[in-house]
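Open your viewer, load the model and switch to cartoon view. We'll go through it one selection at a time.

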Amino acid sequence: MQPLWDATHLIGDADALGKVMQERGYWFFRDVLDAGAVKRMRDRYMAFLRDGGVIAADADEPIWNGAPLDNIPEKIEPLHEQRAWRSFVAEPTIHAFFTRLLGVAPFWIPSVEYRITPPRKGLVNDFLTGRHQDGFANGGIELLTCWVPLTDIDGEVGGLAMAEGLQKGGILHDLNDVPKHRIPDGAIPDDVWHRSDYRPGDLVMFCPEIPHSGMVNRSDKFRLSVDVRVMPITGKLPVVGNVVEIGSDYVVTANHDGRDVRLILDDNTYCRGITGARIPLPDMVERVQPGDPVIVSFEGEHAVLLRPQR
Ligand SMILES: [Fe+2]
């Protein structure tokens with residue numbers, strides 16, 4: 001597979017970076033995130049694996065000891081409960097990097113995944129684990145996904161692969177394949193995929209439109225990564241806050257900027273449940289309680305997307 005195009009030398013040149021995002025759909029930066037901050041996040045993952053008994057008690061690397069993986073989900077709920085990402089993005093060095101990169105302060109969208117991808121033994125009939133576009137179900141929010149490797153990730157361990165250039169091809173998901181909305185087999189040629197060997201400190205940022213996927217992990221190690229989502233604070237920010245009130249056709253949210261924002265809910269509102277799948281509006285209204293943290297994107301007075309924070 002072709003390597004990702006390294007844009008590290010363009011940091012500080014907003015025009016050049018903008019062109020790269022347009023042409024390639026992503027930025028790949030080498031060794032830009034503070035090693036201490038990345039290690040502190042990685043330590044949380046290692047503690048989780050240690051507690052789960054799947055790595056040695058004194059392991060420096062997340063090498064699988066062969067114990068059953070039944071209690072090791074790919075997405076780690078205890079880290080969600082700890083809101084681990086908030087500590088990460090609040091690290092002064094991390095905040096400073098993103099401020100320099102974006103030219104203004106970062107605004108973090110509370111949509112985060114902590115990923116532990118276990119080794120996969122035996123025959124696998126696909127080299128990718130889930131082709132998708134983040135923009136398919138994010139209500140038009142112009143965010144950038146930030147994929148942060150927490151360990152060395154070589155070709156055996158797998159990691160993130162990007163369908164370079166296909167960010168210009170529109171949404172490829174199958175709208176009739178409810179509820180998975182997968183990108184159908186064959187929609188993306190195998191030869192457009194790009195990946196690199198990743199190291200802690202590296203960062204891949206990409207636009208909502210580019211198809212991407214994790215790769216199968218064929219090594220003996222767990223693959224550890226976190227993805228967080230960011231916008232420039234000057235962008236068209238969604239409503240992010242806690243629900244004040246919700247009814248069958250409206251939601252009021254205490255927005256991050258101090259305002260209470262009332263938006264109309266209707267059949268066009270994409271109600272996204274906790275798994276990412278679309279759910280009917282009445283189910284969403286029943287599920288969401290005052291005080292719940294949500295993200296709501298909008299056009300005028302209409303809610304385009306309503307989803308829980310995560
Ligand atoms: Fe994604």
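The tour starts with the whole chain, moves through domains and sheets, and ends at one proline.

**Before you click**

This is a predicted model, in which local features need pLDDT of at least 70, side-chain atom pairs count only at pLDDT 80 or more, and totals for chains, interfaces and linings use all residues. Residues are numbered from 1 along each chain as its sequence is written.

**Stop 1: the whole chain**

Select everything. The protein chain has six helices and 14 strands; these are DSSP runs numbered from the N terminus, with helices being H or I of at least four residues and strands E of at least two. Along its principal axes, the C-alpha trace spans about 50 × 45 × 45 Å. The radius of gyration of the protein chain is 20 Å, which agrees with the value near 19 Å for a compact globule of 310 residues (it is taken over C-alpha atoms, and the globule rule is 2.2 Å times the number of residues to the power 0.38).

Of the 310 residues, 36% count as buried. Buried here means that 20 or more other C-beta atoms lie within 10 Å of the residue's own; exposed means 12 or fewer, partly exposed is in between, and C-beta atoms are placed from the backbone.

**Stop 2: the two domains**

Colour 8-232 as domain 1 and 239-308 as domain 2; these bounds come from an automatic or database domain assignment. Their centres, taken over C-alpha atoms, are separated by 26 Å. Where they meet, nine residues of domain 1 are in contact with eleven residues of domain 2, a contact being two C-beta atoms, placed from the backbone, within 7 Å. On the domain 1 side, the touching residues divide into five nonpolar, four polar and no charged. (Ala, Val, Leu, Ile, Met, Phe, Trp, Tyr, Cys and Pro count as nonpolar, Asp, Glu, Lys and Arg as charged, and the others, Gly among them, as polar.)

**Stop 3: a five-strand sheet**

Which strand order should you look for? It is β1-β6-β3-β8-β2, an open sheet with antiparallel pairing; strands pair if DSSP finds at least two bridges between them. β1 (26-29) and β2 (106-117) stand at the edges with a single partner strand each, so one side of each has no neighbour in the sheet. Now select β6 (residues 203-206), which runs antiparallel to β1 and is joined to β1 by four bridges. Show side chains for Phe-28 and Val-204 in β6, which stand opposite each other.

**Stop 4: two hairpins in a row**

Next, pick β9 (residues 239-247) and β10 (residues 250-255), an antiparallel pair with six bridges. Two residues make the hairpin connection from β9 to β10. Click Val-243 to find its bridge partner in β10, Thr-253.

Carry on to β11 (residues 260-264), joined to β10 by five bridges and also antiparallel. Here Val-251 stands opposite Leu-263 in β11. Four residues lie between the strands of the β10 and β11 hairpin, where Gly-258 takes a positive phi near 95°.

**Stop 5: Pro-211**

Finally, zoom in on Pro-211, in the loop between β6 and β7 (212-215). Is Pro-211 buried or exposed? Pro-211 counts as buried because it has 29 C-beta neighbours inside 10 Å. Leaving out residues up to four places away in sequence, its contacts include Arg-131, His-132, Leu-166 and Ile-188. Asp-134 is 77 residues away in sequence, yet 7.7 Å from Pro-211, C-alpha to C-alpha.
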